[in-house]
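Me: Please take a close look at a single part of this model, the place where the two domains of one chain meet. Then set that part beside the contact between the chains.

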Amino acid sequence: MKKRWLSLVSLLLVFSFIISGCSSSTSTKDKDDKKAAKLEIFSWWTGAGEEDGLKALIKLFKEKYPNVPVENAAVAGGAGTNAKAVLASRMQGNDPPATFQVHGGAELNAGWVAAGKMEPLNDLYEKEGWKDKFPQSLIDMVSKDGNIYSVPVNIHRGNVIWYNKKIFADNGLTPPKTFDEFFAVADKLKTKGITPLSLGDKEPWTATMLFEDILVGTIGTEKYIKLWSGDLPLNDPGVVEATKTFKKMLDYVNADHSSRNWQDASQMVGKGEAAMNVMGDWAKGYFVNDLKLKTNEDFGFITTPGTEGDFLVITDTFGLPKGVKNPDDVKKFLSVLGSVEGQDAFNPLKGSIPARIDADPAKYDEYGKQTIADFKDAKLAPSLAHGSAAPEGFLTKVNQAINIFVTQKDVDQFIDSLVAASSDLKK
Amino acid sequence: MELNRTEKGSAVLPETKAKRNRKLTTDHLLALCFILPSIVLIAVFVYGFIGWTGYVSMSNWNTLVPDFSFAGLKNYAYLFQDYRFQADLRNTLVFTVLFIAVVVLAGQALAIFLDQKIRGESLFRNIFFFPMALSFVVTGVVWQWLLNPTTGVNLFLKKFGLDSMWYTNTDILAGFKWGKIEFGIPVAIIAVVIAAVWQMTGFSLAMYLAGLRAIPEELKEAARIDGASEFKVYRKVIIPLLRPITVSVIIIMAHISLKIFDLIYAMTGPGANFVTDVPGVYMFETTFRGNYYANGAAIAIIMLLFVAIFIVPYLISSRKGES
């Protein structure tokens, strides 16, 4: 009898544990509800300059709207690789952050807008009078079917060669403007035992970036854009030619490229171990802030061969997901984000240039000023490697094809896999 | 058998039988009440989700928008024709074979050495066992630095004229064309095997040491009295008696190596030309970066089947052993 009593008591205990487990989960849900009233800003800005930029932006927002509680929900990981996975899970579980970082172009339009997860922001653009404050081609990148879905905060340029000034001066070389000049320079450097081009493709998007720069340099922006809309087949002779150039370029890169990330590759130029590196202009922030180098003294910059009038654009934007509890607060944040003040608070720290055309160039360094000037007249080409040109699914397959190509250097096989992946362009 | 006998015996006293039966049912009921919560939880959160994954793997959900229309085995067919997945299968096979072989042999050898009643045995045991306490991510980061071609042990090796590319090497040993890939032993995977062995040998050492201690001294004595040399005692008596330990070590290591993700992800990533890629890494990237949810689910199911190949025969044989 006693034994049975004991077991009954313990059974009761087990159930009470379960019930208390349930009740504690309901109380966390209450907490969540309170948290939802917070303005949760989701991004992958955790690196040196970018985190400072985001904090400056949040500080500015708090000055203007002291009553709105803000939460900086940044997830670490280069190029947003981890953040995007977290975001996808949250969006599918109908638990969107109040606003989140997303690259303008396909990542926004073919991704979240097509999935029906975003609210249009036309009224906000009307109210703030933004329609002529951003370049039209940039607004097009964040629009689908006549509706605008996000606010661009910054612009990065993808088609830049960073070169070591000392190496170029010592060898009497001038930075290359065409592919012929590039290979002439690279040959000279190679005979002197200097690595001409550094690459760090531990994460394959860096090699994809190099390829897209060559692609634009070979076929030009108009044809480049047509590739992703499906108006030009991916086995176009221009693409084949660009792939061959890419293959030739790979003969000039460091042997240990697959163990390096982009910072390691940039560092080779900074330390004088390599002459050139192709990377987006966040590399400038790395040179200046982390390696303490001086623009145009220690390192120089020039557009990648054949892309002087082109601008491989990577733009970070923020939008309003459907189903958030505080859409008005989100719009307040977006209005700060899109203001001249907001853009000038964020961009000089992040090392990017403002997306608005009327921001104050005096606040930017030498590189920024020149890029702001270039941005006004250049032809904008959305970056493939950063998800602006084509859907993520297609990009994943291109990254895989690039990863194979860098080792095997089989042009036909690469073109075949591009064509095979092109069915994912329409998604 | 036991139960039958009791019933036969109690047939003389029908009252007792009824009482006993009722007692049995309340006992059963109580036991069921205890087990029920965990049965329900496991049914939903393990088997329910396995079923759900299987369902997704046969759907067309390969974008951000869920699409549950039936696709049959299309995703599986795609995977087995995919260059990357074929490379993953090769890498998993090579990794599993090398990893298990080295862990079993090294663990056994170290255990036998430690069993020689040497001084400071517990110190050595702890030193060998310590890497087990680390997470695979830490191991991955450490070995990534150690085996990096431009830093790490290579700075030392270069002084002796040895220059290895380690995990950046894209060569395939004994390779031949098979399907879309070059089948063989990727050199880069050996670097990963070294790191994994460094971490897991301590575990197999501990298992074997326990096994050695469980062998009765009389058996060894008897063999020695019969005139067996010390080497023969090990070969004919001790190592055969360690067989059940070997089976356990193989099962445990196989399920680790077939599902490995964190070590590879932290140490090398997919690698150039996918020389160090494994299904776990592919599943993560294709699902959460490429939004190919159905493909990712198909990879998960294939991985489950791989592990089942090892686990199910083990479960069946251990059930047989019980009855």
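Reply: In this predicted model, the C-alpha centres of domain 1 and domain 2 of chain A lie 27 Å apart. Neither domain is one unbroken stretch: domain 1 takes 37-154 + 315-372, and domain 2 takes 160-312 + 384-426.

Start with the contact count. Domain 1 of chain A brings 20 residues into contact with 19 residues of domain 2 of chain A. About 1,500 Å² is buried between these two domains. Carbon and sulfur atoms give 54% of that area. On the side of domain 1 of chain A, three residues stand out: Ala106(A), Glu366(A) and Tyr367(A). They supply 35% of the area that domain 1 of chain A buries against domain 2 of chain A, more than any other three residues.

Now the polar side. The rule finds 2 salt bridges across the interface of domain 1 and domain 2 of chain A. Lys84(A) pairs with Glu392(A) in a salt bridge. Their closest N and O atoms are 3.6 Å apart. Between the two domains of chain A, 7 residue pairs are in polar contact, with both residues at pLDDT 80 or more.

Which elements build the side of domain 1 of chain A that touches domain 2 of chain A? Four helices of chain A give two or more residues each: H2 (48-64), H3 (81-92), H4 (106-113) and H15 (366-377). H15(A) has the largest share, 4 residues. By class, this side of domain 1 has 7 nonpolar, 9 polar and 4 charged residues.

Next, the contact with chain B. Here 36 residues of chain A are in contact with 40 residues of chain B. The area buried between the two chains is about 3,000 Å². Carbon and sulfur atoms give 59% of it. Gln92(A), Lys202(A) and Gln400(A) supply 18% of the area that chain A buries against chain B. No other three residues supply as much.

The salt bridge count between chain A and chain B is 0. Polar contacts do occur: 8 residue pairs between the chains, both residues at pLDDT 80 or more. On the side of chain A that touches chain B, helix H1 (2-36), H3, H4 and helix H16 (392-408) of chain A each supply at least two residues. H16(A) gives the most, with 10 residues. The residues of this side of chain A divide into 11 nonpolar, 16 polar and 9 charged.

Two helices link the two contacts. H3 and H4 of chain A give residues to the side of domain 1 that touches domain 2, and H3 and H4 of chain A also give residues to the side that touches chain B.

Chain B has its own pair of domains. The assignment gives domain 1 (2-45) and domain 2 (90-290). Their C-alpha centres lie 47 Å apart. An unreviewed UniProt entry annotates residues 89-316 of chain B as "domain: ABC transmembrane type-1". That span is 69% helix and 6% strand, and its end C-alpha atoms lie 26 Å apart.

UniProt, again in an unreviewed entry, lists "transmembrane region" spans in chain B, including 29-50 and 126-146. Residues 29-50 of chain B are 100% helix, with end C-alpha atoms 29 Å apart. Residues 126-146 of chain B are 71% helix and 0% strand, with end C-alpha atoms 23 Å apart.

Definitions and conventions: Residues numbered from 1 in each chain as written. Chains lettered and ligands numbered in written order. Predicted model: local features only at pLDDT ≥ 70, side-chain atom pairs only at ≥ 80, totals over all residues. Heavy atoms only, no water. Domains from an automatic or database assignment. Contact = heavy atoms within 4.5 Å. Buried area = accessible area lost by both parts, 1.4 Å probe. Salt bridge = Lys/Arg side-chain N within 4 Å of Asp/Glu carboxyl O. Polar contact = N/O pair within 3.5 Å; in protein donor to acceptor, adjacent residues only side chain to side chain. Nonpolar A, V, L, I, M, F, W, Y, C, P; charged D, E, K, R; others polar. UniProt positions renumbered as here; feature names shortened; annotations may be inferred.
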